[in-house]
Amino acid sequence: MTLSVTDLSITTEQGSSLLSGCSWEVETGGRLGIIGESGSGKSLTSLAILGLLPDGLTASGSVMLDGRELLSLSEREKRRFRGSRIAMIFQEPLTSLDPLMKVGEQIAGPIRLHHKVSRQASRARAGELLRQVALNDRVANSYPWQLSGGQRQRVAIAMALGCEPDVLIADEPTTALDVTVQADILSLLSELITETGSTLVFITHDLPVIAQVSEDLVVMKDGRVVERTTVHRALTNPGDPYTARLIEAARHVSFAKPDGVQATEPAEEKTHER
Ligand SMILES: Nc1ncnc2c1ncn2[C@@H]1O[C@H](COP(=O)(O)OP(=O)(O)OP(=O)(O)O)[C@@H](O)[C@H]1O
């Protein structure tokens, strides 16, 4: 299920350009990191792919998934696509979790909707998913506010993967978590993506975080794609001064290995090892 973004632009009603001519592609089962500083257009890119742009913003260009143009889907088709074909994990899971619903039901509901299975089967699957994200299935009876930030993000991952999406978009999914929890969540996400064969688009402003989940990289600045590269090339031979600046900023930050062990060596040396 190749996801191709071609010449994607987003404009406001007043005609200001927020995203301009962005193009990239990620193949079935592939992983792509999108990196850029605040305001570079990362979130608008994912919202455009999901058909969730705020009122007043218009997308042009093309977003193709498996030969289907997503930008021209009807609202009904978009809703069907979301959850079943493309799922999203946000920075703060509380924004996507219903505070008044027990988490088991929040995971089971979309499974029933998209897979047309019985209540009992969807609940059993929710229990399985909770175990897969290393949560006790008793968590099914908790409300989101009774869980820690890391547990909530695990629930959000279970919810997103419950519908077996072709593409998972993770927008800064670990930014709100402390570093050790962050490493656990990233290795869990990485493991589950390998198991399910879903395509991953991972958005962050943090290069060491991308290095844990993806080798391919799109660098964004001011609503444009600055370069399409790999983590290794960005570190050793950045093709654009902006990428070089991002690397410089990350250079003194320790890189965490995918197994969650924090490396203390300089970023560059650690990346050669990968
Ligand atoms: N509804 C909107 N109306 C007008 N401008 C908007 C709207 N939403 C976002 N923008 C602007 O579009 C630009 C890109 O925003 P976007 O949220 O995609 O950035 P980002 O790279 O995800 O940043 P961050 O890392 O802070 O989330 C920003 O300048 C932002 O202010």
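Start by selecting β4 and strand β5 (residues 68–69), which pair in the antiparallel sense over 2 bridges. Strands here are DSSP runs of E with at least two residues, helices are runs of H or I with at least four, and both are numbered from the N terminus. Two strands count as paired if DSSP finds at least two bridges between them.

Before you go on, a word on what you're looking at. This is a predicted model, where local features need pLDDT of at least 70, side-chain atom pairs count only at pLDDT 80 or more, and totals for chains, interfaces and linings use all residues. Residues are numbered from 1 along each chain as its sequence is written.

**The first sheet**

Stay with the hairpin of β4 and β5 and click on M64: its bridge partner in β5 is E69. The hairpin has 2 residues between the strands, and D66 takes a positive phi near 50°.

Now add strand β1 (residues 3–12). It runs antiparallel to strand β4 (residues 57–65), and 8 bridges join the two. For one pair to look at, find L3, which stands opposite L65 in β4.

Widen the selection to the whole open sheet: 4 strands in the order β2-β1-β4-β5, with antiparallel pairing. β2 (17–26) and β5 are at the edges with a single partner strand each, so one side of each has no neighbour in the sheet.

**The second sheet**

Next, pick the open sheet of 6 strands, ordered β6-β7-β8-β3-β9-β10, where the pairing is mixed. Its edge strands are β6 and β10 (224–230), each pairing on one side only. Neighbouring strands are turned by 20° against each other on average, ignoring direction; the axes behind that angle are lines fitted to C-alpha atoms, for helices over the stretch in contact, and angles run from 0 to 180 degrees between N-to-C directions.

Zoom in on strand β3 (residues 31–36) and strand β9 (residues 216–221), which pair in the parallel sense over 5 bridges. I34 has V218 in β9 as its bridge partner.

**A stop at L32**

L32 lies in strand β3. Is L32 buried or exposed? L32 counts as buried because it has 24 C-beta neighbours inside 10 Å. The cut-offs: buried takes 20 or more other C-beta atoms within 10 Å, exposed 12 or fewer, and partly exposed is in between, with C-beta atoms placed from the backbone.

Leaving out residues up to four places away in sequence, L32 touches W24, V26, V201, S214, D216 and V218. Contact means that the C-beta atoms, placed from the backbone, lie within 7 Å.

**Helix α2**

Select helix α2 (residues 75–84), whose buried residues are F81, R82 and G83. What do they pack against? Show α1 (42–50), β6 (86–89) and α3 (103–115), and you have the partners.

**Around the ligand**

Finish at the ligand, which 13 residues surround; the closest are S38, G39, K42, S43 and L44. Being near here means a C-beta atom, placed from the backbone, within 6 Å. Among the elements, α1 gives the most to this shell, with 3 residues.

How values were computed: Contact = placed C-beta atoms within 7 Å.
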